[in-house]
Every structure is written in C-alpha cells, then in structure tokens.
Amino acid sequence: MNIISQEIFSILVFMAISTTLTVPVFLTWTTNWLKKRGELVKQDARNGYLILGANPLGLYIAKQLAEQNEVILIDYNKDLVNEAKAQGLKAIYGNGLREDAFEEANALNKNTFIALTGNSEINLLSAQLAYNSFYIPNRIVLVSRLKMG
C-alpha cells in the first residue's frame with residue numbers, strides 16, 4: 001500500500017527489536033544498582049504464618065506469633081485441631097500435602113510457612129508445596145535426626 005517507505009519500515013522494525021532486547025538488561029542493571037545502594041523499595045503484601053502441625057510445639061509457637069500476626073494451623077488430627085481452637089487459635093483440619101488445605105488457610109497471603117510435624121518427609125514435601133504452588137517466600141522445616149544402627 002506504500003503508506004510508509006521500506007526505509008522507515010526497516011527503522012521501525014529495528015527500533016521494536018532493540019527496545020525489546022534492551023529493557024530486560026537495563027531493568028536488571030538498575031535493580032542491582034538500587035540493591036547495592038540500599039534504595040530498592042520492595043513491597044510485599046503478604047503477612048502471617050501458616051503452621052503445619054498442631055502438636056504442642058506448633059501450639060506454643062502459634063501462641064507466640066499470634067500476638068503480632070495472623071497464624072493458621074493445619075493438622076490431619078481432628079483432636080489436635082479442636083485443642084488449638086479451644087485455645088483460641090485458628091486451625092484447619094486438613095492434609096498438609098494437599099493444595100485444598102493450603103487454599104482453605106489462604107496460603108497465597110502468608111509470608112512464612114513452618115512445618116512442625118514429627119515426620120521429616122511430610123515437612124519437606126509440604127514446604128515444597130508451599131513454595132511451588134503458593135509462592136510462600138519463607139519456609140522453616142523441622143527435620144529430625146536420622147538414627148544410625
């Protein structure tokens with residue numbers, strides 16, 4: 001249709017490609033520069049704790065943290081969940097290896113996940129789920145020592 005010349009078209013294509021390729025480079029450079037200067041402002045709307053395990057250790061930690069933050073406990077033992085609720089804590093009956101329990105606990109808005117069950121494998125797998133599916137940035141996992149012999 002000859003609306004623009006081939007020379008102008010070539011310039012426009014070059015500009016589109018060059019700006020697309022340079023933005024990530026400059027954005028990374030600028031972010032690193034601001035981090036080094038201590039001027040990078042990071043906004044994180046996440047807060048609160050999600051604790052797997054309403055056992056005595058989980059209850060104790062939840063009580064300490066609940067004074068300043070929202071804390072939700074998840075446990076697969078109904079008696080432990082009821083005990084936590086009786087102590088005034090938020091607790092959910094659910095499996096820590098299933099996404100539905102995390103969803104019910106509003107995991108997408110939590111800043112820290114703490115796994116305190118007596119089973120190290122469950123703790124590690126649930127922490128992996130917390131990060132991979134719900135992007136919880138901080139994870140604390142109780143891992144028991146292996147018994148040799």
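**A nonpolar surface patch, a parallel strand pair and stacked rings**

Met 1, Ile 3, Ile 4, Ile 8, Phe 9, Ile 11, Leu 12, Val 13, Phe 14, Met 15, Ile 17 and Leu 21 make up a nonpolar patch on the surface, with a combined accessible area of about 1,300 Å². The model is a predicted one, in which local features need pLDDT of at least 70 and side-chain atom pairs count only at pLDDT 80 or more, whereas totals for chains, interfaces and linings use all residues. Residues are numbered from 1 along each chain as its sequence is written, and side-chain values use heavy atoms, with hydrogens and water left out.

Patches consist of residues with over 30% relative accessible area and no salt bridge, nonpolar side chains (Val, Leu, Ile, Met, Phe, Trp, Tyr) being joined within 5 Å and like charges within 9 Å. A salt bridge here is a side-chain nitrogen of Lys or Arg within 4 Å of a carboxyl oxygen of Asp or Glu. Accessible areas come from the Shrake-Rupley method with a 1.4 Å probe, and for residues only the protein chains shown count as cover. One patch member, Ile 17, lies in helix H1 (residues 6-37); helices (H or I, at least four residues) and strands (E, at least two) are DSSP runs, numbered from the N terminus. Ile 17 has a relative accessible area of 47% and is partly exposed, the class between buried (under 20%) and exposed (over 50%).

Further along the chain, strands E2 (residues 71-75) and E3 (residues 90-93) run parallel and are joined by four bridges; pairing requires at least two DSSP bridges. The chain passes from E2 through helix H3 (residues 78-86) to E3 in a right-handed β-α-β crossover, that is, clockwise from the first strand over the helix to the second when the strands point away from the viewer.

A search of the whole structure gives four aromatic pairs, defined by ring centres within 6.5 Å for Phe, Tyr and Trp (its six-membered ring), with planes under 30 degrees apart called stacked, over 60 edge-to-face and the rest tilted. Tyr 76 and Tyr 93 are stacked, at 5.6 Å centre to centre and 10° between the planes. Tyr 76 sits in the loop between E2 and H3 and Tyr 93 in strand E3, 17 residues apart. Tyr 76 is exposed at 57% relative accessible area, while Tyr 93 is partly exposed at 38%.

Phe 102 and Phe 134 are likewise stacked, with 5.4 Å between centres and 10° between planes. Phe 102 belongs to helix H4 (residues 99-104) and Phe 134 to helix H5 (residues 120-134), so the pair ties together parts 32 residues apart in sequence. Phe 102 is buried at 0% relative accessibility, and Phe 134 is buried at 5%. With Phe 113, these two form one aromatic cluster.

How values were computed: Buried < 20%, exposed > 50% of the residue type's maximum accessible area, 1.4 Å probe, protein only.
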